[in-house]
Amino acid sequence: MSAIVCGQMEDRDSDRLTTRRRRNIERDFPSTNTMRSSVSDSRMEARNGVEMTQWDEEGGSPNSKKAEMKESGSRKKRNCEIFGVVMSPDTVAIAMVYFVQGVLGLSRLAVSFFLKDDLHLDPAETAMLIGFTAFPWLIKPLYGLISDGLPLFGYRRRSYLFLCGLLGAASWASLAMFVDDKYGALISILLGSLSVAFSDVVVDSMVVERARGESQNASGSLQSLCWGSSSTGGIVSAYFSGSLVESYGVRFVFAVTAALPLITSAVAVLVREERKTLSVRKSSEKLAPESLEPGFLANAKSQLWFLWETVKEPNIFLPTLFIFIWQATPVSDTAMLYFTTNKLGFGPEFLGRVRLVTSIASLAGVAIYNQLLKEVSMRKMFFWTTTLGSIIGLAQLMLVTGWNRDVGISDEWFAVGDSLVGTVLGQVSFMPVLVLAARLCPPGVEATLFAALMSISNGGGVVGGVIGAWLTDLLGVTSENFDNLAMLVILCNVTSLIPLPFLGLLPSEEQLAAAVEKAENARDVDPKAE
């Protein structure tokens, strides 16, 4: 449910090769999002050095200053760091929300088997239903406007996180207790998807606030923390997602999953945030004249105007267009799920093992990007990951045709190996998208602009899923007929190369910095004066 769509929109947003099969951050359905970095040691030492010189010039005691420096160093050593990010209460909250998004994968296979076996939906129908449930991920800017401009009980972040957790728990509980048709399933999945999407916008805004003004390296560290937390959650839940379905059934798994969103509600209290009211912005923040009007609508008008001033910049609009094209190529996820379960006989328990492997691989992809690839240009990253992704994706033909058995590789081992390689490459390829989206966001509309950029990305993924469903139906692939599945796999992987001619839409580092600076300066411009 929310896991399936979250997995699609983020995980897809997360596994870009399995992206050939799971494109939406989450789009790993059948098979299912920004940055803050701690102050570096060198910068801290430099500041301490300056302060020491100033003390000496003012006649202060060098010994006492050394003692201060030693105490400061001790405090810093006591701070826990993960992926180079200091784990303050805020970052713990961020990491835990992402962890929940990953651990909700506990129900991913349950949802897949529920739609396939309990509701008896065909591959094309299932893919189309999942496409509809992604709708909450397409209107994320609305959540950003609400979160940025309409404090709830005086808070822009923690209140919404708390309520999102409750909504998610209720939606899973409904699936566990009484949903028994596709329309009820659609409504429950939509509500669960709304819960995850809204909380994702809120936590993304917190991440973007910390990433603003940071380098690509520093931004990548917090992004790695976020997706590393999500991958860890996936690892925790992966194996049990299959074994529990096989042992206790899908309803039991839905009931267990209903408790997980409550973690989001619990960690909301860790968010450090000043109590706010629906007053106008500070006078130093010169936005559009409408911002002088009190109330949420005035704030929304101001943010929409500033959002437009930012998005219309070519160095922001064009890479956003590229991301959409990159995500909008068709996928064959649903058809492959039906093939592996109905034709090859893979059961829930084995698919849970595959999910465990892919979750570990996703975390490995985050680590590889964080340690080795943060400084690689986006154009080069997209070129190689897209090309390799297409080639490796075609390896599925061996599984479909049985060639793997001819060379002595069992279906099970081939499926595990294919998922492992594809997930690592997919995660590595998606990390630059998140880094780019976060760095494009100037002050003032962090949640709204980042949500808009990711909604466009998610929209591309939905388009890809719908095209994949259309091709599945066109080629006559059903729950029992897989004669044209090989052709579907070829079409999906070859068309994944379509974005390569558009790599020129991505900005250089200098162009990106100039675009963000220009967008920030737009804040000081009166739109009616133009």
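These exercises walk through a predicted model, each with a worked solution.

Local features need pLDDT of at least 70 and side-chain atom pairs pLDDT 80 or more, while totals for chains, interfaces and linings use all residues. Residues are numbered from 1 along each chain as its sequence is written, and side-chain values use heavy atoms, with hydrogens and water left out.

**Exercise 1. The chain as a whole**

Find how many helices and strands the chain has, and what share of its residues is buried.

Solution. Start with secondary structure. Helices (H or I, at least four residues) and strands (E, at least two) are DSSP runs, numbered from the N terminus. The chain has 24 helices and two strands.

Next, burial. Buried means under 20% relative accessible area, exposed means over 50%, and partly exposed lies in between (1.4 Å probe, protein chains only). Of the 530 residues, 58% count as buried.

Last, the surface. Accessible areas come from the Shrake-Rupley method with a 1.4 Å probe; for residues, only the protein chains shown count as cover. About 20900 Å² is exposed by the chain, and carbon and sulfur atoms supply 64% of that area.

**Exercise 2. A nonpolar patch**

Identify which residues make the nonpolar surface patch, and which helix gives the most to it.

Solution. Take the rule first. Patch residues have over 30% relative accessible area and no salt bridge; like charges are joined within 9 Å, nonpolar side chains (Val, Leu, Ile, Met, Phe, Trp, Tyr) within 5 Å. A salt bridge is a side-chain nitrogen of Lys or Arg within 4 Å of a carboxyl oxygen of Asp or Glu.

Now the members. Phe153, Phe162, Leu163, Leu166 and Leu262 form a patch of about 470 Å². Helix H9 (residues 158-177) gives the most, with three residues.

Then place two members. Leu262 belongs to helix H13 (residues 262-267). Leu262 is partly exposed, at a relative accessible area of 38%. Phe153 sits in the loop between helix H8 (140-149) and H9. Phe153 is exposed, because its relative accessibility is 60%. Its phi is positive, near 55°, in a residue other than glycine.

**Exercise 3. Aromatic pairs**

State how many aromatic pairs there are, and which parts two of them tie together.

Solution. A pair of aromatic rings is described by the distance of the centres and the angle of the planes. Rings of Phe, Tyr and Trp (its six-membered ring) pair if their centres lie within 6.5 Å; planes under 30 degrees apart count as stacked, over 60 as edge-to-face and the rest as tilted. The count is twelve aromatic pairs.

Tyr160 and Phe198 are stacked, at 5.3 Å centre to centre with 15° between the planes. Tyr160 lies in helix H9 and Phe198 in helix H10 (residues 182-211), so this pair ties together parts 38 residues apart in sequence. Tyr160 and Phe198 are both buried.

Trp172 and Phe254 are tilted, at 5.8 Å centre to centre with 35° between the planes. Trp172 lies in helix H9 and Phe254 in helix H12 (residues 250-257), so this pair ties together parts 82 residues apart in sequence. Trp172 and Phe254 are buried too.

**Exercise 4. A charge over a ring**

Decide what sits over the ring of Tyr338, and whether Tyr338 is buried or exposed.

Solution. The test asks for NZ of Lys or CZ of Arg within 6 Å of the ring centre and within 35 degrees of the ring normal. The charged end of Lys116 sits over the Tyr338 ring, 5.9 Å from its centre. Tyr338 is part of helix H16 (residues 333-343). Tyr338 is buried, because its relative accessibility is 1%.
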